[in-house]
Amino acid sequence: MSPAPPGSALATGAVRPAATLAVTAAATALTTVAYTAPTASLAATAQAAHLGASGRTWILTGTLVGISALLLTTGSSADDHGRKRVFTFGVLLFAAAEALAALAPGGAVYLAARVLLGVASAAVLAPALGLISHAHPAGPDRIRALGTWGAAVGLGIAVGPVYGALVQQWAGWRAVSGGLAVVSAAVAACAAAWLTESRADRPRALDPYGVLTLTTGTALLIAGLAEGRSGWGRPVVVVLLAGGVLLLAAFALVEAKVREPMLDLALFRDPGFIAATGGALFTGLSLVGFMSYLPTLLQGVLGLSGLAAGGVLAIWSGLSVLSALQARRLATHVSATTQVALGLLICGLGEGGLYGLTPDASWLRLTPGLAVAGIGSGVLNAALARLAVSSVPAHRAAMGSGANNTSRYIGSALGVAVTVAVAGSARPTTSGPEAAAHALATGTDRAVLVAAALCLIGAALTLTTRTPEPRPQPTPPVPEHATTQ
């Protein structure tokens, strides 16, 4: 094997493109299943685990804290010390966290397990795109693989609420985590056996102050957004949010000063990197945040069961799977940046179609809007994966994935907070469940308009970063007599 050029990725062992894609896509789907599984049965899970209203909020937020705080750190570590190593460790930790959640003696341990689950998910998500990009050369094959990875994100979101509600109903809340622990242990075994190790040819020095300021600042920011749902003026909320913002500002200063930063701020001069991180932020803010809370709104307005609400959400997420798998066909016609803007525009139109929900309406009324938003989501997921890899040097692919997903999950936390605040802004004029449902319907309409507007703003801002981008060319056929060196 010839020496790798400077800045390239070193690999050991035979590369198995199909196996790499299957393992990384399966693990990615597991992370989104685990995150969304409680959404359709949040009240029942919180009650069974003896958690109050605040604990119910932290079932989802705890995972977000772990994911967002460590995505960029695990991405940089994977590039420097081995993507397979970090990824496999992440899947094993994922299995351990789900086992801990299944065996938790009480609510506090269960919530701690959800935070640990977020940490494990970060170690899975950040190296995934680096592993895929190393196994699939630039061109149509990589675009197809990244579209499949984007479909796995939607698949997990589609399966999660339905799986969680079904298992919760039939076997209890512990079985939800127990089943995921078993499956993730099997995926970890496949990762150890099938993945090829790859890393940058020259690892960077440790950036301890960057790690400390980023992880602590992100954790405080998301905790403040979660606690703010119960009142934004409370001292604890102000302290958490202010601390998070200050520490993230300190992170930027640290990265500008250190010789080998975890996140090279010069990347923000690249329009592609700006489009990748900004598009991911608006995806979380305008789409993931709203859709994460939609099952709760459907239960409150339409009186649906958790299982039925999860099934309605699956219209959106299921179509996003099909759309992401077909999004590769756009690659030869539009740039990835334009595809992000197009995806956000379609999602905004679809979310706007959800306006006008009333307590006496049928869930079928939501189908057209969810279908349109689902198609846009698939286009968006595939394009963001493509930009996350192409906007950074090849040897920093996992870092690019970490930065992209960090923006998405911070946006998601902010999006949920905005959705909860806006949906709860309408007050019933009289007492009784019917008046409460009508007030929630009014609040839901407001949240729909806010989410749709944010999608359109994100699309417009993404277009401002657009630059000419070479279209991918078909991979030339390999002569039959060619051999691998």
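How far apart should the ends of helix α3 be, given its 29 residues at 1.5 Å a residue? Let's work it out on this model, which is a predicted one. Helix α3 covers residues 53–81, so the expected span comes to 42 Å. The C-alpha atoms at its two ends turn out to be 41 Å apart, which agrees with that expectation.

Follow α3 along and you'll hit a bend of about 45 degrees at Leu70. Once α3 is done, the chain goes on to Gly82, which has a positive phi, near 125 degrees.

Now, how much of α3 is tucked away? Of its 29 residues, 22 are buried, so the rest of the structure largely encloses this helix. Take Ile59, which sits in α3. Its relative accessible area is 0%, and since anything under 20% counts as buried, Ile59 is buried. You can also use Ile59 as a landmark: its C-alpha atom is separated by 13 Å from that of Gly106, although their positions lie 47 residues apart in chain numbering.

Next, look at the pair formed by helix α4 (residues 83–103) and helix α5 (residues 107–135). Their axes come within 7 Å and cross at roughly 155 degrees. Angles over 145 degrees count as roughly antiparallel, and α4 and α5 are therefore roughly antiparallel to each other. Their crossing is left-handed. And what kinds of residues make up the contact of α4 with α5? They divide into 20 nonpolar, four polar and three charged residues.

Conventions:
Residues numbered from 1 in each chain as written. Predicted model: local features only at pLDDT ≥ 70, side-chain atom pairs only at ≥ 80, totals over all residues. Heavy atoms only, no water. Axes fitted to C-alpha atoms, helices over the stretch in contact; angles between N-to-C directions. Helix = DSSP H or I, 4+ residues; strand = E, 2+ residues; numbered from the N terminus. Parallel < 35°, antiparallel > 145°, perpendicular 65-115°, else oblique. Left-handed = near helix turned anticlockwise from the far one by under 90°. Nonpolar A, V, L, I, M, F, W, Y, C, P; charged D, E, K, R; others polar. Expected span 1.5 Å × (residues − 1). Bend = angle between axes of the 7 residues up to and from the residue. Buried < 20%, exposed > 50% of the residue type's maximum accessible area, 1.4 Å probe, protein only.
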